[in-house]
Amino acid sequence: GLIHRKVSPMMAPIATGDSNLVKDWIRRRLFIFDRTLTIVVGLILLLGCLAVSSAGMDFPGRFEGHLRNIAIGILVMWVAANVPPQKLMQLALPLYAVGLSLLVAVALFGLVKNGSRRWLNVGVIIQPSEIMKLALPLTLAWFFQKREGMIRWREFLIAGLIALMPVGLILRQPDLGTSTLVAASGFFVIFLAGLSWRLIIGMGIAGLASLPLVWSMLHDYQRNRVMTLIDPTSDPLGKGFHIIQSTIAIGSGGLFGKGWLNGTQSHLEFIPERTTDFIFAVFSEEFGLLGNGVLLVLYLLLIGRGLIIAANAPTLFSRLLAGAITLTIFVYAFVNMGMVSGILPVVGVPLPFVSYGGTAFVTLSLAIGMLMSIQRNRKLVQT
């Protein structure tokens, strides 16, 4: 016969309580993404998928690789969102030390490709400079947190030296694009920590005065980029080709664009690096000014949400880190769009969550995960 098991009335609350505990654990661990950030980043990823699928038609496996990078990025984002800011602060100094050691190793016996020594073989090929995009702001935020209430000019000087070491090693590779992003991430932490405007203006004047010295220290290819920016038509089939073709693509998109998969400049292979650094030209040609407007609004929403998270953060470390991450993402977008549009020199900076790429995509996903972690822990009070 059938055996009927009866649950004791005393056991029912326990079973219900266990079920609620499991549900609460799942909710706290799995459903942790900040809603606004998730929606905005998701929409940018969708536009990026449209652009990469079109630009990568002639590159077998490129779109599939992009989807794989997205999956890895989401996983990294989830892991970072589960790490509380207190733990991030503990990881700051070790991560900086590892990153700096790897940069020294690159300078000594790194791999050379196209005249640049940027990579290191540790069983797999890695680019240690990418680590510093997050290790530097983490370390500087940790440094100012430890000296909260005692921040004087000496602290800013020490912070500048902390930033100068990795930036100098990356410039030596040479890698102007990555060094610009790393320097920007470090400067934003120092600025948000209370750097006076007098000192900023003084540094700006000193920077302008040192331009002749900086020009003499640049590599030939870096000087050519600046001269090409000033007059790309001086070498239309050589160094000016990239900028000329990308601006033609952007202008030919008009108001509404030529339509998805219908870009002539990209599919006739006039646009170089069209799935990575110059993907904004492909997007502009196919979706026009209207599509660009939508993309710009999404980036503004992303930056605005990041600044709100920074403003509501409970500790100095969290505020500095969130603010630096947000403003660095702004620099990513501004520099990429500026170089593709011909208003900035061409440097290797991807368009956030749109360009195809593995290392940079994971770095950006990790940064967004950190923002989500800071938002999750905003109610915690520093003890």
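Let us start with helix H14, which is mostly covered: 22 of its 26 residues are buried. This is a predicted model, and H14 is a good place to begin a walk through it. The helix takes in residues 316–341 and reaches 37 Å from its first C-alpha to its last, close to the 38 Å expected at 1.5 Å a residue. Just after H14 comes Gly342, with a positive phi of about 90 degrees.

**The whole protein**

Stepping back, the protein has 15 helices and 3 strands. Its C-alpha atoms fill a box of roughly 90 × 55 × 40 Å, taken along the principal axes. Of the 383 residues in the protein, 45% are buried. Contacts often reach far along the chain: among those between residues at least 6 apart in sequence, 72% join residues at least 24 apart.

**The loop after H14**

Continue along the chain and you meet Leu351, which sits in the loop between H14 and helix H15 (359–376). Is Leu351 buried or exposed? Its relative accessibility is 2%, so Leu351 counts as buried. Leaving aside residues up to four places away in sequence, Leu351 touches Ile279, Phe280, Leu295, Tyr299, Ala333, Asn336 and Met337. Ala333, Asn336 and Met337 carry numbers that fall within H14, residues 316–341. Leu351 can also be placed relative to Phe361: the two are 10 residues apart in sequence, and their C-alpha atoms lie 9.5 Å apart in space.

**After H15**

Asn377 belongs to the segment after H15. With a relative accessible area of 16%, Asn377 is buried, because the cut-off for that word is under 20%. A polar atom of the Asn377 side chain lies 2.7 Å from the backbone oxygen of Ser373. Not counting residues up to four places away in sequence, Asn377 touches three prolines by name: Pro84, Pro85 and Pro314.

**A sheet of three strands**

Now for the strands. They make an open sheet in the order S1-S2-S3, with antiparallel pairing. Strand S1 (111–113) and strand S3 (125–126) stand at the edges; each has a single partner strand, so one side of each is left without a neighbour in the sheet. In general, strands of a sheet pair through backbone hydrogen bonds, either parallel or antiparallel.

The two pairings can be set side by side:

| Strands | Bridges | Direction |
|---|---|---|
| S1 and S2 | 3 bridges | antiparallel |
| S2 (residues 116–121) and S3 | 2 bridges | antiparallel |

Looking at single residues, Leu111 stands opposite Trp119 in S2, while Asn121 has Ile125 in S3 as its bridge partner. Both turns hold a residue with a positive phi. In the hairpin of S1 and S2, which has 2 residues between the strands, that residue is Asn114, with phi near 55 degrees. In the hairpin of S2 and S3, 3 residues separate the strands, and Gly123 in the turn has a positive phi of about 100 degrees.

What lies across S1, S2 and S3? Helix H4 (residues 85–109) does, and it runs at about 115 degrees to S2.

**Two helices side by side**

How do helix H6 (residues 153–171) and helix H7 (residues 176–192) cross? Their axes come within 9 Å and cross at roughly 170 degrees. Since angles over 145 degrees count as roughly antiparallel, H6 is roughly antiparallel to H7. On the H6 side, the contact is made by Phe156, Ala159, Gly160, Val167, Ile170 and Leu171. On the H7 side, Leu176, Thr178, Ser179, Val182, Ala183 and Ile190 take part.

**A residue in H11**

One more stop is Ile244, which is found in helix H11 (residues 241–252). Why does Ile244 count as buried? Its relative accessibility is 18%, and buried means under 20%. Apart from residues up to four places away in sequence, Ile244 touches Pro232, Thr233 and Pro236. Ile244 and Val340 are 96 residues apart along the chain, yet 9.3 Å separates their C-alpha atoms.

Key
Residues numbered from 1 in each chain as written. Predicted model: local features only at pLDDT ≥ 70, side-chain atom pairs only at ≥ 80, totals over all residues. Heavy atoms only, no water. Helix = DSSP H or I, 4+ residues; strand = E, 2+ residues; numbered from the N terminus. Expected span 1.5 Å × (residues − 1). Buried < 20%, exposed > 50% of the residue type's maximum accessible area, 1.4 Å probe, protein only. Contact = heavy atoms within 4.5 Å. Pairing = 2+ DSSP bridges. Axes fitted to C-alpha atoms, helices over the stretch in contact; angles between N-to-C directions. Polar contact = N/O pair within 3.5 Å; in protein donor to acceptor, adjacent residues only side chain to side chain. Parallel < 35°, antiparallel > 145°, perpendicular 65-115°, else oblique.
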